[in-house]
2 protein chains.
Amino acid sequence: MSPITPLRDERTLVLQLRDAIGALIGAHGLKPGDQLPTEAELTRRFQISRPALREALKLLEQDGAIYVKHGKGRFVSAAAALQVERPITCFESVSEMMQKSGYRPINKVLSISEEAASEEVQAALRLDASSRVIRLERLRMHEEDVLVYGLDYIPRTAVPDRLYDIDWSGSLLDLLERHGMRPCMSTAVATSIMLPPDVSERNDLNDFGPAFLIVETAFTSTGLPIVYAKDYHRGSRFSFSFVRK
Amino acid sequence: MSPITPLRDERTLVLQLRDAIGALIGAHGLKPGDQLPTEAELTRRFQISRPALREALKLLEQDGAIYVKHGKGRFVSAAAALQVERPITCFESVSEMMQKSGYRPINKVLSISEEAASEEVQAALRLDASSRVIRLERLRMHEEDVLVYGLDYIPRTAVPDRLYDIDWSGSLLDLLERHGMRPCMSTAVATSIMLPPDVSERNDLNDFGPAFLIVETAFTSTGLPIVYAKDYHRGSRFSFSFVRK
């Protein structure tokens with residue numbers, strides 16, 4: 001097995017390693033109750049440091065995929081059967097999600113504006129009534145197809161530049177990162193709904209069909225709400241996996 | 001604060017306690033980095049044993065809601081802001097989900113039959129081509145309203161009684177429990193879709209609107225797949241919450 005190439009940071013490495021060990025359990029046909037290879041074997045196999053390995057194993061233990069018998073080693077739990085690819089519970093941007101679904105996302109900015117925060121947006125972003133927000137309206141396309149219609153609200157103070165000096169067609173998360181505000185977690189609510197009629201009409205999307213709507217508040221690592229987003233995913237093109245236990 | 005009444009078992013008690021401590025964090029306005037009350041204070045407040053308390057605190061730590069500084073105590077983490085009620089990641093039956101959404105669910109059995117497992121059902125339930133399954137087709141109603149259309153597939157061998165000797169209008173999970181096969185976890189995929197046309201026509205459901213479809217394989221505690229279910233939830237009546245991190 002080839003060594004793991006660290007992507008961006010130590011955290012990413014540990015997450016990759018967790019997934020690789022999860023895949024190893026599947027590839028070797030390990031069943032609930034079977035013992036995992038030893039730490040020495042796993043560090044050799046993945047050419048990885050012992051501390052990184054232990055962190056990855058701790059994540060698998062927290063996910064309930066493995067359990068520890070003290071003095072005996074690590075074992076595959078029944079919940080290991082519950083691995084799903086790309087779970088909806090992993091925080092990622094719409095662009096990342098689209099890429100992992102096999103699309104090459106292009107953003108088309110429909111509108112960018114500054115406005116007073118509505119009560120809904122105030123509540124989500126913990127703003128007061130006098131607060132201003134940036135409202136970003138985008139289509140996420142794959143070639144000519146519109147796959148997602150999305151609305152984002154960001155506190156005006158988080159991105160203090162002039163609106164028209166910013167290229168809004170790029171990644172919103174990367175933009176927020178440049179301002180030291182990259183979100184890394186969220187709370188979300190999903191439902192099924194048709195696109196709002198004015199949105200379908202204005203954008204020639206009468207064939208969009210049932211949308212998988214995710215309404216999401218994204219937080220920075222310090223727990224500050226930084227983006228309130230409503231993303232309407234074309235139901236015929238996306239599905240979302242998760243584990244329930 | 002009143003003591004917690006144990007519901008069904010020790011596990012339930014610990015889960016209740018976890019939720020109660022989570023609510024306490026919210027009620028006291030504790031912020032990321034704030035210290036939790038001491039173990040002594042929490043056991044007194046909830047009139048609960050120290051071991052149960054420690055288990056509940058361990059769950060909160062695993063959820064990332066609190067973190068431990070050794071020798072200093074437990075602290076609220078930034079992810080504590082991410083508590084959602086009734087997350088989609090908690091395994092529950094459609095009836096339980098409906099009750100928690102404020103409905104009084106009634107089941108209407110549309111059909112019950114035995115058939116050869118299709119390739120799709122074989123794959124989900126890990127059955128071979130010669131396997132037979134029970135197919136249960138139900139409407140989940142609140143008063144006169146159809147809120148969910150559901151299809152369930154169960155290995156024939158799991159419920160060996162004669163089909164017509166069983167009351168299929170009750171809880172499927174309770175029925176499986178009587179056969180020592182109660183599921184307690186699942187993998188699921190959700191999307192947005194319209195009801196299949198033949199289903200809407202046969203059941204006068206042309207006004208059902210966009211459905212939130214959950215396709216789910218439920219497992220027993222030993223990791224045995226026992227139910228393959230497709231539940232179409234009326235999108236205008238349900239939403240599903242989750243945390244992403």
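Biologist: Which residue forms a salt bridge with A:E216?

Modeller: Side chains of opposite charge can pair when their charged atoms come close. In this predicted model, the partner of A:E216 is B:R244, with the closest N and O atoms 3.1 Å apart. Across the interface of chain B and chain A, the rule finds two salt bridges.

Biologist: How many salt bridges does the rule give over all chains?

Modeller: The count comes to 36 over all chains. One of them joins A:E114 and A:R132, whose closest N and O atoms are 3.1 Å apart. Here A:E114 sits in strand β3 (residues 105-116) of chain A and A:R132 in strand β4 (residues 132-142) of chain A, so this pair ties together parts that are 18 residues apart in sequence.

Biologist: Back to the interface, then. What area do chain B and chain A bury between them?

Modeller: The size of an interface is often given as the accessible area lost when the parts come together. For chain B and chain A that is about 3,500 Å², with 59% of it on carbon and sulfur atoms. Three residues, B:S192, B:F242 and B:R244, supply 22% of the area that chain B buries against chain A, more than any other three residues. You have met B:R244 already, as the salt-bridge partner of A:E216.

Biologist: And how many residues of each chain are in contact?

Modeller: There are 43 in chain B, touching 43 in chain A. As for polar contacts, the rule finds 23 residue pairs across the interface. On the side of chain B that touches chain A, β6 (183-193), β7 (211-220) and β9 (240-244) of chain B each supply at least two residues. The largest share, 10 residues, comes from β6(B). By type, the residues of that side of chain B divide into 25 nonpolar, 13 polar and five charged.

Biologist: In which sense do strand β6 of chain A and β9(B) pair?

Modeller: They pair in the antiparallel sense, over five bridges. To find one in the viewer, pick A:A190: its bridge partner in β9(B) is B:F240.

Biologist: Which rotation superposes chain B on chain A?

Modeller: A rotation of 180 degrees, with 0.0 Å of shift along its axis, does it at an RMSD of 0.2 Å. The two copies are thus related as by a two-fold rotation axis.

Biologist: Why can we say that the copies meet through the same surface?

Modeller: Compare the two lists of interface residues. Because 100% of the interface residues of chain B are also interface residues in chain A, the copies meet through the same surface.

Note on methods. Residues are numbered from 1 along each chain as its sequence is written. Chains are lettered from A and ligands numbered from 1 in the order in which they are written. This is a predicted model: local features need pLDDT of at least 70, side-chain atom pairs count only at pLDDT 80 or more; totals for chains, interfaces and linings use all residues. Side-chain values use heavy atoms; hydrogens and water are left out. Copies are superposed by least squares on the C-alpha atoms of residues with pLDDT of at least 70 in both. Contact means heavy atoms within 4.5 Å. Buried area is the accessible area (1.4 Å probe) that two parts lose on being put together, summed over both. A salt bridge is a side-chain nitrogen of Lys or Arg within 4 Å of a carboxyl oxygen of Asp or Glu. A polar contact is a pair of N or O atoms within 3.5 Å; within protein, one must be able to donate a hydrogen and the other to accept it, and residues adjacent in sequence count only if both atoms are side-chain atoms. Helices (H or I, at least four residues) and strands (E, at least two) are DSSP runs, numbered from the N terminus. Ala, Val, Leu, Ile, Met, Phe, Trp, Tyr, Cys and Pro count as nonpolar, Asp, Glu, Lys and Arg as charged, and the others, Gly among them, as polar. Two strands pair if DSSP finds at least two bridges between them.
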